[in-house]
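Reader: Could you walk me through this one? I'd like to start with what your words mean and then go through the parts.

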Amino acid sequence: MNSLNQVVSLLELSPPPFIFINDPIAPKFTIQSLLIALQNKIRLVQIDGISCFTPRLLYDTILNGLSQHTPSWDDGCKNWSEETSNDSMDSFLRALKALHASLCAANSEQRERLALVIEKPERLKERMPDLLAPLTRLAELTRIDLSVVLVSEVRWEDIRPPLGAAIDPYYVDIPVPTKEIIIEHLVKVVEKNSSNSDLASTSTMPHPYDPALQQTYKHFVHILTDVCFLYTNDPHEIQYISAARWPGFIKPVLDAHRMNVEAAEGEDEVEFERPSAEVLLRLTRHFKPSLSLALEQLYPRLTNAVDWARANVSDAASLAKDGLILGDAVMDDEEEEEDTVNEMLLSSPTRSRSSRRIQEQKAAQDLSSSNLKDTLPLSASLPRLSQFILVAAYIASVNPVKSDLRLFGRGADEKKRRRRPAKRQMANAKPKSGSVKIPQRFLGPSPFPLERLIAILGALVEENDSNASEVNDSRNNPSDLLDFRIAGERTDYEVTRVGVYASIAQLTSLRLLVRTTSADKLDGLSAMFKCGSGAPSSYETILDLAKGLGVPLPDLIWDNAAMG
Amino acid sequence: MVLKRKASSNAIQDSPSKRTRSRRAPLSPSLDAESPRKNRVAKRSVVVEDPSDDSSGDELDIINHDIPATPSRRSKKLVEVVVPTPGSSRKPAFPKPKTVQFTDALPPEPQPSPSKRTRIITYGKRETANYSMSSSPQKKNVQLKTPSLTPPPVHPPPVPIASPQRSPSRRVLKGSLPQHLHDSLTSQKRAVLHALQQPLIVPSADDSEYSTNEIAVKQLNGLLDGTVTRGEGNSCLLLGPRGSGKTQAIELCISNLKETPIVVRLSGLVQTNDRLAMREISRQLSAQVSPALLPEEIRGAANDESPKDDDNPFLDAPVEIVELSVPTAHMHSLIACIPTLGRPTIVILDAVDLFTNHPRQSLLYSLLDTVQSCRAGGGNKGMAVIGVTTRMDTLICLEKRVKSRFSGRMIRTSASIKASQAKKILRAVLMSTEKNEVDQEFSAMWNENVDEILTDPRITRILEEACSITGDIRSLARLFMSPVLNLKPASPWLTASQLEISAEVQRIRPEFPYLHTLNYPSLCLLIAFYQAENDGYPALTFEMLYEYVRNAIRVSAVAPVQLHGNSIGMVRCSRQVLWATFERLISAQIFVSLSGPSMNVGKNFLKYRCSVNREDVKKSVEKNGHSSLTKFLRRAMGSH
């Protein structure tokens, strides 16, 4: 935080026209700390490079922010300046000068210092490349006491406009936050919020962020940070995980207190006291496994904090096992017994208790996670034929064309198909010349023509679809008008039905398949497709699908070699 | 604090080399009547300061020994202070007995002290320099002493190392600041920071010939003077690298003029087309030319009858131009009447190379044509057009018809300053004060500190390095910003080591200074990239990276290694967490996408290259010290 303090004192004392702060981990956190530290000291406006995506928006945001003017609906959402100050850079500069003059006139005893804090300046570079150079020279162009602070994850070298148009910044490197800083931040946030009237006024019962629980929270934060710090050092991410877990973590303590209060029936005040060291230890032991699960789910934002907390409420039984049903919980006793009986019936004795609990939690997560949205529909919601089409499309996307005959071709002699022996020596195999061939699996799906898809689909259905072959046999009678004599002829007939094309069209509209040729081409024969991005092009998903269908997918992938 | 740690670590690490050095010392040619032991003492102080700087140490020694000895009590104290340092002993393995021996040996040798004193007298030319030379090595000694095994008799900060003839305030210089001077420090900081932003060109008085910039100022002065006083039409280009004082020179010249001209400032960065430039000209003219100033004939010439603001032809007409965007011919005629305004006009075109990109260069043409046809007398005032640019080929960029109207005058500024000159400027900057806000006592101490710091050999080296590459005084000034900012009442003086750190941050920036502090998944991905490059893949998709990391984790899990009961294998890392980390690295542009995002290609199949140097990855993983990561890296290197 030393570097940040430097910036703060620099802006207070005498700022250079242009400061560049490089913070690779948590620029938002840095900006927040900066804004809090400089509150009421200088006039500061925070600009987001994402929301200010046109010059006009940028100019208006700066001017409104510096003048602390909020456009209101009643006066027609007027901006600070009456005239059109947002039509070009020089109008903006004039407005800025006028603003500074008016601020100085209003506040005569001291000179007003202005500062712009710009977040994500790399977006400005993408959207308005001409604007960045004048922005860095703003103080020079307006000739007022003004400082521009860019805060970015990206280095200045990657943003810098060409030809040296921008002046060199005063560089500040924010170091990666340490554990101590993160803990300090988390505790501070809770301290600030614990006195929040919204939380306190709801009931007389202590809420999870009660000031009395501060010490416990500190302990919790230490544990949480220990778990998460290896994977992320963004204070905001850890704060998010903490917000999801803490209420559940402290709930047994609060419940116990509530029971005590109810037992006392208002006769005498039951003093709420913070949990003892032993209880804390039990809580820790009980919830520690869920912390890393929380990280895996919440850090990549597979789900949100509320849903996760809901899905991960610890049930009374598992709490009781860890001795966490505090107070005299008479009502829960029976349930608890039932639960334990059930669990004893269900679970094998060899399995340890904690591992079972993790599994339960995992199962709960699987249901709540958005992974589900990818995997479940494919195996459960699609008709069987569509599943076959997806598997066929994956094979067609990944395998080279020349391999088809060897994998699926059946000669008259019924020779067993041969797959090229997978080359396992990927790493050692140095290319003779040119670049190394990368397995298609890692490069993503390649497009294939529709006929190839149909052909592979036919082969798959013929070999693996037992239902179809049974039907084939049973219906192979003269009553049917069609007469299939040659092996596979019936499948061939089946897979060229209109229904198949309709399924392909449907999958395309679901974007599980992607049509790479333009859609207005009516000539269906030249249409090219490939697997859609996401689930349908991931090996794992298709493998699951294929297992359900009984297709030996690993045998049908041409180049199965692993990397590295 | 940093300084202290550094010094102590040096003392320990460098002891072997120091040993050899002190053994070598008797062989040095500078040896005369002096005892070798003294030699060592003097040398030590220099060596610790800058272990790499051999020559300077030797030089100092030579100077020491050339001088006749005069004993003094103060210098003896210095020797005592130095003695307990383990580094000063010959055998680092047994520092204690040696030091004892050392102290025992002292009394019969009163000579060492005099040399110290004489050095003070001869080395410094001025009083201030004199002081700094003598005190800086001493300070080092005291700081060295702290980590030594025998605790020093006096605690470091208040050690009265200063020479006895100094003012009593010297004593305070090493410790923290007394309460009543805190405000002074703050205002001194403010003053210095303010001055660092506009470092003034200090005229080199002692040099016989003028510097390039002084010549430039002189030429420009003459040019503008001709325009203002004699009504000439002048045009010139002011060329010079960034930060070489182009704008400063112009402002200086304008402020020196006897009559206040109308100044129109345009910038190629802001006025990106002629329309905007024209509007800006009209705005600036109307702001500076009040109707009262306008002569009667212009007022009559104006189409409008009313004797109000509208009298100025530039008030309305150009604005109409903006609205109607009339052809450039009209613009030309409007610019042509600039000389008819009541005062001489100076048009400054910043980044003039960008104006040459405008279609047909019509603005430049109009301005230069007006300048060329400017005739003295007849009520017309002069007009000057000054183009400011860093591009040397700007003249070539001009079209033929524009070029023929340009006077061809080019004034150059230069950014090559010598280290000595830079030192002079910085001295002036660092000693600048706000009026009467700084306590006399404090400013005396401060100035001494500044003088001391500027004579420090390390700072000299930094300045020389910087000046040999860039002469940009602004970037030199930037180096001093962070040390000044770091001043606190507890440590109120500038130090050389702070400047070294600052030089690394501001000037010679490492590519990714934070790399080794990145978290575990990030480093995993970086090592995976390293391995992939070994395997001959310069660009990778996330799938491939994931495959590498997964393999590494699997391999590590196959043969679990335990150390003190803890597994030191690679920690599991789920695909989703890796993906989240991967996206963070993309947003930090450590991984750069080779192609833009597309609807049809999944994000995990886009190809990325790594912008981190391979060597940096290796170093940062080693610096990070995570044992399983180091192992991963070794495997990655081995897979080659």
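Author: A residue is buried if 20 or more other C-beta atoms lie within 10 Å of its own, exposed if 12 or fewer, and partly exposed in between, with C-beta atoms placed from the backbone. Helices (H or I, at least four residues) and strands (E, at least two) are DSSP runs, numbered from the N terminus. The model is predicted: local features need pLDDT of at least 70 and side-chain atom pairs count only at pLDDT 80 or more, while totals for chains, interfaces and linings use all residues. Residues are numbered from 1 along each chain as its sequence is written, and chains are lettered from A and ligands numbered from 1 in the order in which they are written.

Reader: OK, so how is β4 of chain A placed, mostly covered or open?

Author: Strand β4(A), residues 146–152, is mostly covered, with seven of its seven residues buried. On one side sit L146(A), V148(A), L150(A) and S152(A), on the other S147(A), V149(A) and V151(A), and all of them are buried. In general, side chains of a regular strand alternate between the two faces of the sheet.

Reader: Which strands does β4(A) run parallel to?

Author: Strand β1(A), residues 18–22, is joined to β4(A) by five bridges and runs parallel to it. On the β3(A) side there are six bridges to β4(A), again parallel. Two strands pair if DSSP finds at least two bridges between them. As individual partners, N22(A) stands opposite S152(A) in β4(A), and V117(A) has V149(A) of β4(A) as its bridge partner.

Reader: And what's the strand order of that sheet?

Author: It's an open sheet of five strands in the order β2-β3-β4-β1-β5 (chain A), with parallel pairing. The edges are β2(A), residues 43–48, and β5(A), each pairing on one side only. Neighbouring strands are turned by 20° against each other on average, direction ignored. Axes are lines fitted to C-alpha atoms, for helices over the stretch in contact, and angles run from 0 to 180 degrees between N-to-C directions.

Reader: Which helix packs on β2(A) and β3(A)?

Author: That's α3(A), residues 55–66, which packs on the sheet and touches β2(A) and β3(A). The direction of α3(A) makes about 150° with that of β2(A). The two strands there, β2(A) and β3(A) (residues 114–119), pair in the parallel sense over six bridges. Q46(A) has V117(A) in β3(A) as its bridge partner.

Reader: Switching to helices: at what angle do α9 and α11 of chain A cross?

Author: The axes of α9(A) (residues 179–194) and α11(A) (residues 214–228) come within 10 Å and cross at roughly 145°. The crossing is right-handed; a crossing is left-handed if the near helix is turned anticlockwise from the far one by less than a right angle, and right-handed if clockwise. Residues making the contact (C-beta atoms, placed from the backbone, within 7 Å) include I182(A), L186(A) and V190(A) of α9(A) and Y217(A) and V221(A) of α11(A). By class that contact has seven nonpolar, four polar and three charged residues. Ala, Val, Leu, Ile, Met, Phe, Trp, Tyr, Cys and Pro count as nonpolar, Asp, Glu, Lys and Arg as charged, and the others, Gly among them, as polar.

Reader: What does UniProt put at residues 217–258 of chain A?

Author: The unreviewed UniProt entry annotates residues 217–258 of chain A as "domain: ORC5 lid". Over that stretch the chain is 86% helix and 0% strand, with the end C-alpha atoms 19 Å apart. UniProt positions are in the numbering used here, feature names are shortened, and annotations may be inferred rather than shown by experiment.

Reader: How many residues does each chain put into the A–B contact?

Author: Chain A gives 50 residues and chain B gives 54. The largest share on the chain A side, four residues, comes from α1(A). The chain A side has 29 nonpolar, 13 polar and eight charged residues.

Reader: Last bit: in chain B, what's the phi of A351(B)?

Author: A351(B) has a phi near 50°, a positive value in a residue other than glycine. Most residues other than glycine have a negative phi. A351(B) lies in the loop between β3 (345–350) and α16 (352–355) of chain B.

Reader: Why does A351(B) count as buried?

Author: Because A351(B) has 23 C-beta neighbours inside 10 Å. R360(B), with a positive phi near 60°, is exposed, with 12 other C-beta atoms within 10 Å.

Definitions and conventions: Contact = placed C-beta atoms within 7 Å.
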